[in-house]
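Me: I'd like to learn how to read a fold like this one. Could you walk me through it, feature by feature?

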Amino acid sequence: MASMQNTPSMPAPIAQPNPTVQNEPTTQTNNPPSNALDSELQLVSSLAKLQKLEARIHQLRTLLPNRLLAPLAPVVEPRKEGRSLPSSPQELYQQLVQTARAGIEEVKQFQTLWHSPEMKAIWEHVEGDIKESGGQLLQPTGMWEIDYDSLLGEMIKEEKAREEEKIKDEENQELEKLRSSGQGWRGVVEGFNQRNIPGVRVVPSKNEALLAVALVKAGMVFQVQADGLKEEKDFPDWRVSSKISPGRPVTKLETSIVDCLNSRQRKWDLAYLLEMISSYSEIKTSPCKKCNKMTNAAAQLPSIRLSKSVLSPEGNRTFTFEPLHADCL
Ligand SMILES: [Zn+2]
């Protein structure tokens, strides 16, 4: 947040009738669970929240009297530069009303943040600590020595990089396993076809790294082909396009499905791709996981698929694909 300071001091009063208060999101993807503040990341995240809360307190201190009474300033000192008198008592009244409303809103937002579930967990943690130490409080220096918000940002970035590295390693191991099985991508297609999934047909080309996937119920056919020059590889990356009968235009729905399919992870993993394509088989009857509706305001079906993975005790990863609208993501 722009108003975050390393060492909070009283900010200069701002003589603005309309102070702008940023609406911070009340939830973050990496929120600590409500009563567990036991990892470093959670503690830093909590400190960042406290730091932001304190910055808001400093901001609120400028509300009374400075900002709240700012519309009166030109009346009290009309000669001061840059100040123009309100044209009528009504205008002055309107300015005061507006400033007061904005001020009340600012206080309300602060209270909401203070009592929010994420802050509640932090307050409980602090109270627990004070109780444990027999009422003894740590004596801080009175200044924030670290900008916890940016520290949190760095820690999240590192965590993400570690996570990505782990996924890459895992995928490499899977690929190695596939290679040593000696079945090649055709073996993957065969394995898929043996499952006889109703309404899904996969037909590989005899001489190219190319296959057609038909979804009977959805009335769609996709063409899956090894991406670019990599087709000589044993497990190439795969690219999807719509396969339509000549003269028929590609529908919007088909375009958005193909876009979603091509932006998937694990581009080398044909089994994953076939599973993902199959998940569109029931697109006309599978509502969005988020809003539970078939169509959104733009009358679109849930064309996005969010992949979720489960690791079995034997170390096998299986994927499921949840239908979502693009605007419900
Ligand atoms: Zn939805």
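Reply: Let's go from the overall make-up to the sheet, then the core and the helices. Keep in mind that this is a predicted model.

Me: How many helices and strands does the protein have?

Reply: Start with the inventory: nine helices and six strands. The protein has 329 residues, and buried ones make up 18% of them. For contacts between residues at least 6 apart in sequence, 59% join residues at least 24 apart.

Me: In what order do the strands of the open sheet sit, and is the pairing parallel or antiparallel?

Reply: Read a sheet by its strand order. Four strands make this open sheet, ordered 1-2-3-4, with antiparallel pairing. Strand 1 and strand 4 are at the edges with a single partner strand each, so one side of each has no neighbour in the sheet. On average, neighbouring strands are turned by 20° against each other, ignoring direction.

Me: What links strand 1 to strand 2, and through how many residues?

Reply: For antiparallel neighbours, look at the connection and then at the bridges. A hairpin of five residues links strand 1 to strand 2, and the two strands pair over five bridges. One pair to find on screen is valine 202 with its bridge partner in strand 2, valine 213.

Me: And how many bridges join strand 2 to strand 3?

Reply: Six, again with the strands running antiparallel. Leucine 210, for instance, has glutamine 225 of strand 3 as its bridge partner. These two strands also form a hairpin, with four residues between them, and glycine 219 in that turn has a positive phi of about 65°.

Me: Which side chains of strand 2 are buried, and which are not?

Reply: The general idea is that side chains in a regular strand alternate between the two faces of the sheet. Strand 2 shows this: Leu211, Val213 and Leu215 point to one face and are buried, whereas Leu210, Ala212 and Ala214 point to the other and are not.

Me: Which helices go with the sheet?

Reply: Check which strands a helix touches, then its direction. Helix 7 packs on the sheet against strand 1 and strand 2, and makes about 155° with the direction of strand 1. Helix 8 lies across strand 3 and strand 4, at about 180° to strand 4.

Me: Which residues touch the most other members of the largest nonpolar core?

Reply: Leu273 and Ile277, in a core of 29 residues. The elements giving two or more residues to this core include strands 1 to 4, along with helix 7 (184-194), helix 8 (252-262) and helix 9 (270-278). Helix 9 gives the most, with six residues. Leaving out residues up to four places away in sequence, isoleucine 277 touches Val213, Phe222 and Leu261.

Me: Which residues of helix 1 are buried?

Reply: First compare the helix span with what its residue count predicts. Helix 1 (residues 40-61) has 22 residues and reaches 32 Å between its first and last C-alpha, close to the 32 Å expected at 1.5 Å a residue. Its buried residues are Ser45, Ser46, Ala48, Lys49, Gln51 and Arg56. They pack against helix 4 (89-114), helix 5 (117-132) and helix 6 (148-181).

Me: Which residues does the coiled-coil annotation cover?

Reply: With an annotation, set the record beside the model. The unreviewed UniProt entry puts a "coiled-coil region" at residues 153-181. In the model, that stretch is 100% helix and 0% strand, with its end C-alpha atoms 42 Å apart.

Terms used
Residues are numbered from 1 along each chain as its sequence is written. This is a predicted model: local features need pLDDT of at least 70, side-chain atom pairs count only at pLDDT 80 or more; totals for chains, interfaces and linings use all residues. UniProt positions are given in the numbering used here, feature names are shortened, and annotations may be inferred rather than shown by experiment. A nonpolar core is a set of buried Ala, Val, Leu, Ile, Met, Phe, Trp, Tyr and Cys residues joined through C-beta atoms within 7 Å. A residue is buried if 20 or more other C-beta atoms lie within 10 Å of its own, exposed if 12 or fewer, and partly exposed in between; C-beta atoms are placed from the backbone. Two residues are in contact if their C-beta atoms, placed from the backbone, lie within 7 Å. Two strands pair if DSSP finds at least two bridges between them. Axes are lines fitted to C-alpha atoms, for helices over the stretch in contact, and angles run from 0 to 180 degrees between N-to-C directions. The expected span of a helix is 1.5 Å times one less than its number of residues.
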